[in-house]
Amino acid sequence: MHYLHRGDDAECNGSPAKRCRLRRRTESVRRSRPPFPWFGMDIGGTLVKLVYFEPVDITAEEEQEEVENLKSIRRYLTSNVAYGKTGVRDVHLELRNLTMCGRTGNLHFIRFPTQAMPRFIQMGRDKNFSSLHTTLCATGGGAYKFENDFRSMADLELLKLDELDCLIRGLLYVDRVSFNGHPECYYFQNPADTESCVKKPCTLEDPFPMLLVNIGSGVSILAVYSENDYKRVTGTSLGGGTFLGLCCLLTGCETFEEALEMASKGDSTNVDKLVKDIYGGDYERFGLQGSAVASSFGHMMSQDKRDSISKEDLARATLVTITNNIGSIARMCAVNEKIERVVFVGNFLRINTVSMKLLAYAMDFWSKGQLRALFLEHEGYFGAVGALMELLKTTEDP
Amino acid sequence: MDKSITLPPDEIFRNLENAKRFAIDIGGSLTKLAYYSTVQHKVAKVRSFEQNAELYEISEQEEVTARLHFIKFENAYIETCLDFIRDHLVNTGTKVIKATGGGAHKFKELIERKLGLKVDKEDEMTCLIRGCNFVLRNIPHEAFVYAKHADSEFRFQTTHPDIFPYLLVNIGSGVSIVKVESEDKFERIGGSSIGGGTFWGLGALLTKTKRFDELLQLASKGQHASVDMLVRDIYGGSYGSLGLTGDLIASSFGKSATADKGFSKEDMAKSLLHMISNDIGQLACLYAKLHNLSRVYFGGFFIRGHPVTMHTITYSINFFTKGEVQALFLRHEGYLGAIGAFLKGAEEDNPNQYSWGENYAGSSGLMSVSPEMNPMQRARSGTFDMLEMDRLERQLVNLPLLQDPSSYIPDTMDLTEDALAREYWLSCFEEALDGVVKRAVASQPDIPEAIERSEKFRQKYRHKLQTLRQQPFAYGSLTVRSLLDTREHCLNEFNFPDPYSKIKQRENDMALRYYQKAVKSLEQLSWEQRQFALVRGVLAGNVFDWGAKAVSDVLESDPEFGFDEAKRHSLRPALLLQGPPHKCALFFVDNSGVDIILGVMPFVRELLSRGTEVVLASNSGPALNDVTNGELQILTERIAAMDPVIQAGLRDDRLTLVQSGSSSPCLDLSRLDKVLAMVVRERQTDLVIIEGMGRALHTNYYARLSCESLKTAVIKNSWLAERLGGKLFSVVFKYEVPPGKPSQEDSSAPSTPS
């Protein structure tokens, strides 16, 4: 990350604005700093994650020179917290006073459904985005899927980036710059006990090797040995998309927030068959606790129970089923790869304490304390951050 | 409950009179009952007479043998069945019934009240593993690989002598993954709550369909791509750098959150099936990898013969292991719990000390559960599925001279995979049926009810052939051997233990009269001429085979068809007996009469004269006109009385008669009498001769042995001769030397008569 902090802030201090600007411009040319706006985009199966760097060190002259549509983009993004019906800025995640490529600014985190992608491209055309001559760095499957649409509809060329490269680069960067002075990383203390289970910040010092479990619509599991040395161990199609999809079908809900809200009120043991429901208690021959789930949705084999079940219980059972399954696969991969640190990221974990605690518990319990589950505050945005960094990097090394 | 069902006593719950040691496995929808019983049936015996015109006396005696019965039926019939058992249970000291399965608890009171037996519960998983070990050990072709789009959906695996270690993935309502290392050592290494119950429960919620089978039906008609988010839905194509193709599922049910329209039941069921199968497959692979296991068997009600789930699990395992691990399924998977519970209760009988064999006459065979695939199955008798296993008199082991026991496949042609050959042989056996029935009746001229029994035999065997036409995989790989063995089992079932006994006796008697003359004429020949003549003699003798239709037609119509006649059909020999003499030759013999007496014995004599010890292996029990060990004992004594060479051989223990352990016209070198294996080892056998179509052509043609071997037969079937590129009465004379040993001559068959 040699290109990030050059200590050039000091050069500006106490200098007349003009000289500073001049120097900065020449420096910008020398280092071929990309022109604003700086975006990084991650177009996933369900959500588009967008990070936007808002420079706060803009001089008056710079502001004068700034073309109108660039200004309007900046104002539009920074003065709103919601865009259209479905776009949201996660204000609480904003990274303030960050220095990137010699500029100081705030990094904004914005998301909207992938379904709204055509409208987004439309907007890019309406705002004449292509005139800004910026490179739009994009990762995620959508970078490939929508490449033609960007070109034909908005006259924009995407710089397509691999999503796993971006994920790892972005994650390591955000962890390094920290979350406005606080640790980016956290874990759950006492995961076995719901009463005393608490979130604790921690550092991701010496992060390798780590098992990185990215839970988006689906799940990818990576073994990461260094920033550039990693492999995708496996993946599963039972991910966030499965949770939301099944919840919509089972309960008629429409959003992730709604589904989680219902799940938080439900009781999965009315839906799942537990070991004790079958054996009357623990299954001692195999060391299975009576409270362990023997069959997810197992009670739903019975018509009577299907007729009397609540939507909340169904939502909870769906959440627990998907989460435990991810935990189980992640744990097996950790053992097979001989990695003790498991980092869970992805938007499935957004506002989803239930799943995080379950994962923390599952890692701890099944490994007898050997494995630790770690979580990161910027859950699903690392791919987009990684894409932005690629923008700053590529233009730097011609 | 269907009270109207009546149970025919001679078809279901057979041999209840002597039943003991009951075990029951009650699952979610099916009950499996197991019991041990003894079966009284006729066996053929021969006994030598000193002062009699007859060569030996033939008698049919009653013999009691042990049999295991396993019956599977729907839980709805449980009360009817218990009543039936109570009414037919005559006299048993049984006080306890072993029980396992989730339903054992629910029906405990009913069973105790109806049968007056104490229900003794056994651990489900322990029973499952015990049962699994038992079938893997005792039933060849128990395990199979499922391939939906292949010519034959079921590819059966040869039984490995060493069945451990393996992984058993039991998919019931949840999933248990068990690592089995030995008979008693196994461990549940993992599991998952996403299993059959999840498919059923979640499927019922999503589709409002109640029954598991119906859900599978729905799934088999659905398109999951409308519900699932595929890689191409995200990428627009494949994710090339990771090698993920566009049609892979990225997120199960991923489209159902955003779609504004509803989904069809079929599509949702299909998506759910994929989700669950893939998940189980993935976990199984992770565990297999962690424990370094390559044999992974799948069972449980989620699998239970359902082509749909076998296919999706197979697909998943292939995907996650890149083809390194194959998903294996079991023909008798549904019976494992009942078998295991039974074995737990029968420990004092030491059932694991014996070898057992599947009785083809009494077993239903593998039925596909899919009604489209199997229109026959839902007939009334399909409600009850049966497995019967006979306790074999002898423990069966591998021939120690097999080059690679784990890759040995006895059968030359797999009719499950070869539709043309299957059609030919099924028709061939159907056409021959009249003759077999006639022969069976003729073998019991003084017993009036023999005709009635012979008709029952006809019906039974014809039904088997019809079943096999529909479902060639019913009893494992369909082969000429299995068709022959099934016929033998059916004949035995209806008390025709040895339809050819009289014919064999007559022919043995006649051939004996020519023995001295034949030996004398051989002795007059020069050494080289004699070698030719000896081989020609074996081949000519082998033409006399009532089992082969082409020959029996000639034999029936032309009583003058003599040995010299047959000799003309034979051919050029090979110089097998050149060079230093062998230490010991093992000779698997075929037919009685001319074949054994005038063909084989002079050859044996030559071997003995050369200083080679000889072990003659013949069938333990009758099959067609093959000479049995009992008959051969008598014949050899008679010959010894005429021939000092044979006499000396017997006296000095250089000529030994052993039984093969089989009652089949074919030969499975992986299931031979333990004594035979011991003798072969002790004598340092270095030459194996296998004679006859059944043993050297239908089976073992491709068998690789670790010593010199000769496979020889006369092709007495024109279709087969044509298929092998020869003519009727062509000769197979296949002399092979294992790699690394000097060859004398390697002539391969078939060669046309000279």
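**Figure 1. The two faces of strand E22 of chain B.** In this predicted model, B:Leu687, B:Ile689 and B:Glu691 point one way from E22(B), while B:Val688 and B:Ile690 point the other way, and all are buried. That pattern is a familiar one: side chains in a regular strand alternate between the two faces of the sheet. E22(B) spans residues 687-691 and is mostly covered, with five of its five residues buried. Note that B:Glu691 shares its direction with B:Leu687 and B:Ile689.

**Figure 2. E22(B) beside strand E18 of chain B.** Here we meet E18(B), made of residues 584-588, which runs parallel to E22(B) and is joined to it by four bridges. To find your place in this view, look for B:Phe587, whose bridge partner in E22(B) is B:Ile689.

**Figure 3. E22(B) beside strand E23 of chain B.** Five bridges link E22(B) with E23(B), residues 708-715, and these strands are also parallel. B:Ile689 turns up again, this time with B:Leu710 of E23(B) as its bridge partner. Between the two strands, the chain passes through helix H21(B), residues 693-698, in a right-handed β-α-β crossover.

**Figure 4. Stepping back to chain B.** After the close-ups, here is their setting: 22 helices and 24 strands form the secondary structure of chain B. Of its 754 residues, 61% are buried. Among contacts with a separation of 6 or more, 73% are between residues 24 or more positions apart. The accessible surface of chain B is about 29,400 Å², and carbon and sulfur atoms account for 48% of that surface.

Key: Residues are numbered from 1 along each chain as its sequence is written. Chains are lettered from A and ligands numbered from 1 in the order in which they are written. This is a predicted model: local features need pLDDT of at least 70, side-chain atom pairs count only at pLDDT 80 or more; totals for chains, interfaces and linings use all residues. Side-chain values use heavy atoms; hydrogens and water are left out. Buried means under 20% relative accessible area, exposed over 50%, partly exposed in between (1.4 Å probe, protein chains only). Two strands pair if DSSP finds at least two bridges between them. A crossover is right-handed if, with the strands pointing away from the viewer, the path from the first strand over the helix to the second runs clockwise. Contact means heavy atoms within 4.5 Å. Accessible areas come from the Shrake-Rupley method with a 1.4 Å probe; for residues, only the protein chains shown count as cover.
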